[in-house]
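Below are some points on the pairing of two chains, followed by remarks on a single acidic residue. They are meant to be read with the model open.

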Amino acid sequence: MNENKKTHAPLFSIIKRDDLPLYKSIIIRVLAFIITFILAMFICYATVSKKSDDGYIKMMSTFFTGATNRPWKLAMDVCLLLAFAIAIVPAFKMKYWNMGANGQVLMGALISIILMFYLNDFASKSTFNNILLIVLMLVSSIAVSILWAVIPAIFKVYFNTNETLFTLMMNYVASGIVGYVNYILAKGKEESPGIINLTSKSGWLPTIVDKYFIAIVIIILITVFVYFYMKKTKHGYEISVVGDSINTAKYVGMNTKKIIIRTICLSGAICGIIGFIYASSINHSISANTCGSLGFTGVLVAWLANFSPIIIAGISFVLVFLSSGTSKISSVYKLGNNDISNVIIGLLFFSILICEFFIRFKLKLNSQSTLYKLIFGELLNGKKGGEGQC
Amino acid sequence: MLVAFLAAAISMGIVYLYGAIGETLIEKVGNLNLGIPGIMCLGALGGVIGVNTYISLFTVENIMGWLLIIFSMTFAFLFAALGGLIYAILTVSFQANQNVTGLALTTFGVGCMKFIGSNIDQSNLTTASRSISKLFVNYDKLGWFGEIFLSHGILVYLSIIIAVLVTLFLNKTRRGLFLRSIGESPQTADAQGINVTLYKYMAILVGSGIAGLGGLYYVMDRTGGTTFVEASIEAFGWMSVALVIFSMWKPGISIIGSIVFGGLYILRSFINITPAQIKLFEIVPYLVTIIVLIVTSILNKKNSQPPASLGVNYYREER
C-alpha cells in the first residue's frame with residue numbers, strides 16, 4: 001500500500017456476525033441490564049441524597065418493597081405490558097408498524113364503558129343479564145378495535161399509505177373521541193363520569209382469588225394462543241413469509257392483501273380484549289390517559305424481544321418491576337413526580353439497543369485507516385500490511 | 001377578533017414549525033425520527049437551564065434581552081442536539097431500528113424534562129420571559145398589521161428565517177442536493193463519493209437542535225414562562241411530525257401549515273363551544289393530517305412523497 005496515498009478507510013469495520021449462541025446473547029443482554037440498573041440506582045441515589053439522610057441500602061429496600069408489596073398489581077401491570085406487546089407482534093412480524101395500539105385499546109375500552117353505562121339497569125336485573133352484558137362488551141370491544149386497526153391497514157394495502165404515521169395519528173383521534181364521550185356521559189357537567197357502576201358492579205368481571213385474576217388468565221391465554229398461532233399454523237407461516245419478503249409471498253401465490261388485513265384484524269382483536277379488560281376489570285372508567293404510553297412501550301418491548309413471547313414476558317417484568325420500584329422511591333422521598341422511571345426506562349432501552357448491535361455485528365480494527373496508522377504506526381514499523389482487513 | 005385570532009395562530013404554530021423544520025431535515029436523510037417529542041422536551045429543559053445560568057451569572061433586574069436569548073438558545077440547541085446525538089449514534093452507527101430508538105428517545109426526553117425540570121428553580125422564568133417574548137415596541141401603532149405580524153418575540157421571526165434558509169439549502173445548494181440524495185438512495189449517494197455517515201450525523205444533530213428551539217419557544221415565549229413541567233410539549237411534538245407530512249416534506253409549506261395547525265389548536269378559545277366540543281376540536285389537526293397522508297398516497301405524485309429510504313438504515317455491506 002502506498003503510504004502517501006490518502007485513504008478514507010474508517011478505523012473500525014463493521015462486520016455482520018454469524019448467529020451468536022443463545023446463551024451468549026442472553027449474557028450480553030443481562031449484563032446490559034445490570035449496568036443500566038446500577039447506573040439508574042446511582043441517579044436515583046444522587047437525587048434522594050439531596051432530600052433525605054437515608055443511605056443507599058435504605059433506598060434500595062424502599063425500591064424492592066415498592067416493587068413487591070402488591071404482587072397482584074405487579075402481575076397485572078406486567079400482563080398489561082405483555083398484552084400490548086403481544087397484540088403488536090403479529091403485525092410487526094409482517095413489518096407493519098402498528099403504532100396505534102393505544103388508540104385501538106382506547107376505542108375498545110370506550111365502547112365497553114358506554115355499554116356498561118347505558119345497560120346498567122338491564123344488567124342489574126339478574127346474573128344472567130349481567131353475564132350477557134359482559135359478553136356483549138367483549139364482542140363489541142373486539143369489533144370496534146378491529147375497525148380502528150383495519151382502517152390504516154386498508155389504506156396501506158391499497159394505496160401504500162404510510163402506516164407508521166397513520167396509526168400514530170389515529171391514537172390522538174381516539175383520545176379526542178374518548179374525551180368527548182366522557183363529557184357526554186357526565187352530561188356535560190364534569191370531565192368524566194368517574195367509575196361506572198360503582199355500586200351495582202354491572203359489567204365488572206367478578207373477583208376470583210383476586211380482582212385481577214380473570215384478566216391475568218385471559219392475557220396468559222392470549223399469549224399462549226399467539227405463540228402457537230405464529231409458530232404452528234399456516235397463517236403464522238404466511239405472516240413470516242410476508243414479513244421476510246412481500247414479493248416472495250406474491251410469487252408463490254399468496255394473497256398478501258388478505259394476509260395483511262387478516263393479521264391486522266387479529267392485532268386489533270387483541271387490543272379490543274385489552275380495552276375490555278381496562279373497562280371491566282382494571283379501571284371501570286376511561287380517560288385519554290388510560291393506557292399511558294403502553295402502546296409505545298409495547299412496540300419497544302416487542303421489537304427488543306425479537307417477537308418471542310417468553311422474552312417479551314421477561315422484559316415486561318423487568319420494566320414494570322423497575323418502574324414500580326422507582327415510583328415508590330419518588331413518592332417516599334417526594335421527588336416531585338414519577339418521571340424518573342421514564343428516564344430509567346429510556347436509558348434501559350438505549351443500553352439494550354446498543355447491545356443488540358454487538359449481538360448482530362462485530363467490530364474489526366482496520367489496518368488501512370489513517371487513524372489506525374497514527375495510533376499503531378510505531379508498533380507496526382517493520383511489519384508491513386498488518387493483520388486487519390477492510 | 002380575527003386579528004387576535006391570527007396573531008395567536010401564528011404564535012402557537014411556531015411551536016410546530018420548529019419541530020417540523022427539524023424533523024424535515026432529519027427525514028430528508030432517510031431517518032424517521034419519532035424522538036422529536038422527546039427532543040423538543042430536552043430543548044425546553046435546556047432553554048430553562050440556559051435562562052437560569054444567565055440569571056446566576058448576571059441578575060434578574062435589567063436583563064439584557066439579546067444575551068439572555070443567546071444563552072437560552074445555545075443551551076436549548078445543545079440539549080436537543082445531545083438527544084439527537086443519542087439517536088444518531090444508535091441508528092446511524094449502531095444500526096438500531098429507527099422507530100424503536102425514536103420512541104425510546106421520546107420516553108427518555110419527556111421523562112428528563114419532567115424529572116429534572118421539577119427539581120430546578122422556575123421562579124425567574126416569567127420575568128425572563130418578558131425580555132424574550134416581544135421584539136418590537138410600539139407595534140400597535142401599525143394597527144392590524146402590527147398586531148398580527150409584529151407582536152411576537154424574536155424566536156417567531158427566527159423560525160421563519162430558518163424555514164426559508166433550510167428550503168434554500170435543500171433545493172438550491174449542492175450540499176442540499178447531496179443530503180436529499182441520501183434520503184432517496186444512500187447506496188447511490190455512497191457510490192457517488194458522498195460521506196453518508198457524516199451527512200446523516202450533521203442533519204440529525206442540526207435538525208434536532210432546531211426542533212429543540214420549539215420547546216424553548218413554547219416555554220419561554222408562548223406561555224410566558226408560566227408552564228414548564230406540566231407543558232404538553234410531547235403532544236406538540238407529535239403534531240410537528242404530522243406537520244411534516246402535511247407540508248409534504250417542504251419547510252416552506254410548513255410555515256403556512258404551522259399557522260393552519262396553530263389556528264386549529266387555538267380556535268376553541270375564540271368560538272363559543274362547550275368543553276365537550278373542545279375535545280372534538282382537538283382531533284381536527286390529526287384528521288387533516290390523515291387526509292393529507294391518504295390523498296398524497298393516492299395521488300402518488302413524485303414530488304409529494306416521503307424520501308424513498310425513509311425509515312431504512314443504511315448498512316454499506318448489505319446488498
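1. In this predicted model, the contact between the two chains involves 45 residues of chain B and 47 residues of chain A. Together the chains bury about 4,400 Å², of which 79% lies on carbon and sulfur atoms. Within the area that chain B buries against chain A, Phe94(B), Val100(B) and Phe115(B) supply 14%, more than any other three residues.

2. As to specific polar interactions, there are zero salt bridges between chain B and chain A, while three residue pairs across the two chains are in polar contact, counting pairs with both residues at pLDDT 80 or more.

3. On the chain B side, the elements that each give two or more residues to the surface touching chain A are α3 (65–93), α4 (98–118), α11 (233–246), α13 (275–282) and α14 (284–299). Of these, α4(B) gives the most, with 13 residues. Sorted by class, this side of chain B has 29 nonpolar, 12 polar and four charged residues.

4. A separate point concerns Glu27(B), which belongs to helix α1 (residues 2–28) of chain B. Glu27(B) is buried and yet has no salt bridge, the nearest side chain of opposite charge being that of Lys28(B), 8.5 Å away.

5. Which residue has a side chain joined to that of Glu27(B) by a polar contact of 2.4 Å? The partner is Trp249(B). Leaving aside residues up to four places away in sequence, Glu27(B) touches Trp249(B) along with Leu32(B), Val244(B), Pro307(B) and Leu310(B).

Definitions and conventions: Residues are numbered from 1 along each chain as its sequence is written. Chains are lettered from A and ligands numbered from 1 in the order in which they are written. This is a predicted model: local features need pLDDT of at least 70, side-chain atom pairs count only at pLDDT 80 or more; totals for chains, interfaces and linings use all residues. Side-chain values use heavy atoms; hydrogens and water are left out. Helices (H or I, at least four residues) and strands (E, at least two) are DSSP runs, numbered from the N terminus. Buried means under 20% relative accessible area, exposed over 50%, partly exposed in between (1.4 Å probe, protein chains only). Lys and Arg count as positive and Asp and Glu as negative; His and the chain ends are not counted. A salt bridge is a side-chain nitrogen of Lys or Arg within 4 Å of a carboxyl oxygen of Asp or Glu. A polar contact is a pair of N or O atoms within 3.5 Å; within protein, one must be able to donate a hydrogen and the other to accept it, and residues adjacent in sequence count only if both atoms are side-chain atoms. Contact means heavy atoms within 4.5 Å. Buried area is the accessible area (1.4 Å probe) that two parts lose on being put together, summed over both. Ala, Val, Leu, Ile, Met, Phe, Trp, Tyr, Cys and Pro count as nonpolar, Asp, Glu, Lys and Arg as charged, and the others, Gly among them, as polar.
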